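Visitor: I am new to this structure and should like to learn how its features are read. May we go through them one at a time?

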Amino acid sequence: MAADGTIRSRIRSLLRSPSIKLRRSGTGARHRRELSDKVTLEKVLGITAPGNRALACDPRSGLVAYPAGCVVVLLNPRKNKQHHIFNSSRKAITTLAFSPDGKYVVTGESGHMPAVRVWEVSECIQVCELQEHKYGIACVAFSPNGKYIVSVGYQHDMVVNVWNWKKNVVVASNKVSSKVTAVSFSDDSSYFVTAGNRHVKFWYLDHAKTCKVNATVPLLGRSGLLGELRNNFFSDVACGRGRQAASTFCITSSGLLCEFNDRRLLDKWVELRTSQATCLCVTDDFIFCGCSDGTVRAFSPANLHFLCTLPRPHCLGVDVASMVEAR
């Protein structure tokens, strides 16, 4: 019995020795590395987009980008395949947008000292990180010429920045005290418009000043003249295209489609006849308004005349291939 007790005490002493612990920890770390090399993310279920500013589509490739926590999902809807971008900061993605050529995605995030990050789509790797906000980023957008990125902070962040992202410098900045939910660049990249709670504002870029390297200039902002609609919540904004490039279109959450002229004056508006409007898309020939209950209405950008209501998508779980006869 005494011999058994001695053997047990020696074994316990041996197991407590630093050399044994070192070998154990090394083996465990190596095992974890081997597992991480074998485990890959195949598919993400779900979406954490807080609004339409966290959903983007590249018109060239057809890729759809949306956030799921700290992961950006790049979905190819034709092949039903996903690729994934992992945010190394582990902060939740709040907004994203494609570059005009579709080669890059810019993301904004929430949390303390959030960053604006630019990712290469083909390799799913980060190529640039810009950090000037403090509390969260509500909106991001590339300029049509691909040179600048605009980022708008949360309401308590109170900052709007314009970045020359390839040089990693802020070229223009200003304060914004309103809650902003949308941003849109003009066709010629000379200005952009922000929209939100009782807020439509035009921001102008002085290209002669912004070309200076490492010099941040004040961003010139002018409020839109809202008139009797000044108390509305403007949920989305889109600058005009083609022949209507001088106009700016907004929708209110209450269901109004509005047009601002080149003097920032709210020129005219029409009712969408819906309980709520959430998003807006403008092309050369059409304005598409996303409304409640899956309703999408189309209007003419030339005169805001109603054109049609698009057919609603089929109900979840319905096999459309089985429908062989019109009813």
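Guide: Let us begin with a definition: a residue is called buried when its relative accessible area is under 20%. Please keep in mind that this is a predicted model. By that cut-off, strand β11 is mostly covered, since six of its six residues are buried.

Visitor: Which residues of β11 point one way, and which the other way?

Guide: The general idea is that in a regular strand the side chains alternate between the two faces of the sheet. In β11, V159, N161 and W163 point one way, while V160, V162 and N164 point the other way; all of them are buried.

Visitor: Which strands does β11 join, and by how many bridges?

Guide: On one hand, five bridges join β10 (residues 148–153) to β11 (residues 159–164), and these two strands run antiparallel. Among the partners, S151 is matched with N161 of β11, and Y148 is matched with N164 of β11. On the other hand, six bridges join β11 to β12 (residues 169–175), again in the antiparallel sense. There, V162 has A172 of β12 as its bridge partner.

Visitor: What is found in the turns of these hairpins?

Guide: The hairpin of β10 and β11 has five residues between the strands, and M158 in the turn has a positive phi of about 60°. In the hairpin of β11 and β12, four residues lie between the strands, and N168 takes a positive phi near 60°.

Visitor: In what order do the strands of this sheet stand?

Guide: Five strands form an open sheet in the order β9-β10-β11-β12-β16, with mixed pairing. β9 and β16 (217–218) stand at the edges with a single partner strand each, so one side of each is left without a neighbour in the sheet.

Visitor: Let us turn to β2. How many of its residues are buried?

Guide: Strand β2 (residues 64–68) is mostly covered, as five of its five residues are buried. Both of its faces are covered: V64, Y66 and A68 are buried on one side, and A65 and P67 on the other.

Visitor: Which strands pair with β2?

Guide: β1 and β2 pair in the antiparallel sense over two bridges, and A65 in β2 is the bridge partner of A56. Five bridges join β2 to β3 (residues 71–76), and these strands also run antiparallel. In this second pairing, A65 stands opposite L74 in β3. Both pairings are hairpins: β1 and β2 have six residues between them, with G62 in the turn at a positive phi of about 85°, whereas β2 and β3 have two residues between them, with G69 at a positive phi near 70°.

Visitor: Is E109 buried or exposed, and which side chain does it contact?

Guide: E109, found in strand β6 (residues 104–109), is buried, with a relative accessible area of 0%. A polar contact of 3.1 Å joins its side chain to that of R117.

Visitor: How does one find the empty space, and how much lies in the largest pocket?

Guide: Rolling a probe the size of a water molecule over the atoms shows where empty space is left. In this model, about 1100 Å³ of space lies in the largest pocket. Its lining has 36 residues, of which R53, C57, R241, L280 and C281 lie nearest the centre. By class, the lining of the largest pocket divides into 24 nonpolar, six polar and six charged residues. Among the strands that each supply at least two residues to this lining are β1 (56–57), β9 (137–142) and β22 (277–282). Domain 1 (43–223) and domain 2 (235–315) each contribute at least three residues to the lining of the largest pocket.

Visitor: Where does the second largest pocket lie, and what lines it?

Guide: The second largest pocket holds about 400 Å³ of space. Of the 21 residues that line it, P50, A138, K179, V180 and T181 are the closest to its centre. β9, β13 and β22 are the elements that give two or more residues to this lining, and β9 gives the most, with three. The classes are nine nonpolar, ten polar and two charged residues. Domain 1 (43–223) and domain 2 (235–315) both give residues to the lining of the second largest pocket, so this pocket lies between them.

Key
Residues are numbered from 1 along each chain as its sequence is written. This is a predicted model: local features need pLDDT of at least 70, side-chain atom pairs count only at pLDDT 80 or more; totals for chains, interfaces and linings use all residues. Side-chain values use heavy atoms; hydrogens and water are left out. On a 1 Å grid over the protein atoms alone, a cavity is a set of points where a 1.4 Å probe fits but cannot get out, and a pocket is an open set with protein on both sides within 12 Å along at least five of seven lines; lining residues have an atom within 4 Å of a point. Grid points are joined across faces, edges and corners, and a volume is the space filled by probe spheres set on the points. Ala, Val, Leu, Ile, Met, Phe, Trp, Tyr, Cys and Pro count as nonpolar, Asp, Glu, Lys and Arg as charged, and the others, Gly among them, as polar. Domain bounds come from an automatic or database domain assignment. Two strands pair if DSSP finds at least two bridges between them. Buried means under 20% relative accessible area, exposed over 50%, partly exposed in between (1.4 Å probe, protein chains only). A polar contact is a pair of N or O atoms within 3.5 Å; within protein, one must be able to donate a hydrogen and the other to accept it, and residues adjacent in sequence count only if both atoms are side-chain atoms.
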